[in-house]
Amino acid sequence: MKYGYIRPIVFDQQCTHQLSDLFIDTLFKETHGLARKRTELEHLLMTVQKGDELFIQNIVVLADSLQQLLDILRLAERDQIIIHFVDEQLTNQTIQNSSLLQSATFFANLQSKFLSHSSTFTLQAAKQQGKSVGRPRKADDNLQLAFSMYDSKNYTLYDIKETTGISKSTLYRYLDDRSTTLPDEKE
């Protein structure tokens with residue numbers, strides 16, 4: 001049998017561009033793009049049998065990390081299942097005829113895609129739950145004190161950190177933000 005597996009990914013969150021032009025006997029569709037609770041993938045992996053083929057639009061749809069990809073590839077080899085990765089034009093049974101540099105580049109790009117996918121969907125889930133995302137803001141009073149100490153040029157960065165609890169890198173980040181939000185002053 002020919003199975004397909006799709007799930008929301010960064011550039012196709014509605015799953016409209018995955019496996020649309022292929023004939024698939026049974027399609028498994030995940031409802032979310034998160035790494036946890038991928039029940040449809042688990043159900044699919046329990047369903048496929050020796051000689052079946054699995055079609056995936058790209059590797060990021062199937063796996064969230066290189067380790068998970070490796071685990072699924074081992075499972076497919078053990079159960080003699082062929083996995084077709086459409087975008088990469090690969091199967092789990094083909095080897096790219098490439099140099100070590102090309103292979104390392106391929107896997108480095110893949111790792112970047114895994115991270116992008118994971119962080120995008122984790123942030124979306126946090127926002128849906130009403131959680132604040134990003135760096136926490138420093139208290140305005142402390143920040144204003146740090147600015148005035150810095151502007152007076154009477155204090156070292158260490159003095160500012162000890163007094164306000166704002167590190168050098170945080171202070172410089174806020175100073176950069178302050179300089180880009182202030183109107184240009186004419187002399």
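Buried here means under 20% relative accessible area. By that cut-off Asp64 is buried, because its relative accessible area is 14%. Keep that residue in mind as you look around this predicted model, since Asp64 turns up in a network of salt bridges with Arg7 and Arg38. Besides that network, there are two nonpolar cores and a helix of 29 residues to get to know.

**Salt bridges**

- Searching the whole structure turns up 3 salt bridges.
- One of them joins Asp64 to Arg7, with the closest N and O atoms 2.7 Å apart. Asp64 sits in the loop between helix 2 and helix 3, while Arg7 is in the loop between strand 1 and strand 2, so these partners are 57 residues apart.
- Arg7 is buried, just as Asp64 is.
- Asp64 also forms a salt bridge with Arg38, and here the closest N and O atoms are 2.5 Å apart. Arg38 belongs to the loop between strand 2 and helix 1, so this pair ties together parts that are 26 residues apart in sequence.
- Arg38 counts as buried too, at 3% relative accessibility.
- Then there's the pair Arg78 and Asp79, whose closest N and O atoms are 2.9 Å apart. Arg78 is exposed, with a relative accessible area of 60%.

**Nonpolar cores**

- In soluble globular proteins, nonpolar side chains tend to be buried together.
- The largest nonpolar core in this model has 23 residues, and Tyr5, Leu44, Leu54, Ile56, Leu62, Ile83 and Phe85 are the ones with the most contacts inside it.
- Plenty of elements chip in: strands 1, 3 and 4 and helices 1, 2, 3 and 4 each supply at least two residues. Helix 2 gives the largest share, 4 residues.
- For a closer look, try Leu44: setting aside neighbours within four places in sequence, Leu44 is in contact with Tyr3, Tyr5, Phe28 and Leu54.
- Another core, of 9 residues, lies apart from the largest one, and its members include Ala146, Met149, Leu171 and Tyr174.

**Helix 4**

- Helix 4 runs from 100 to 128. With 29 residues at 1.5 Å a residue, helix 4 should span 42 Å, and that agrees with its end C-alpha atoms, which are 42 Å apart.
- Its buried residues are Leu110, Phe114, His117, Phe121, Ala125 and Ala126.
- Those buried residues pack against helix 2 and helix 3.
- After helix 4 comes Gly130, which has a positive phi, near 80°.

Notes
Residues numbered from 1 in each chain as written. Predicted model: local features only at pLDDT ≥ 70, side-chain atom pairs only at ≥ 80, totals over all residues. Heavy atoms only, no water. Core = buried A, V, L, I, M, F, W, Y, C linked by side-chain atoms within 4.5 Å. Buried < 20%, exposed > 50% of the residue type's maximum accessible area, 1.4 Å probe, protein only. Contact = heavy atoms within 4.5 Å. Expected span 1.5 Å × (residues − 1). Salt bridge = Lys/Arg side-chain N within 4 Å of Asp/Glu carboxyl O.
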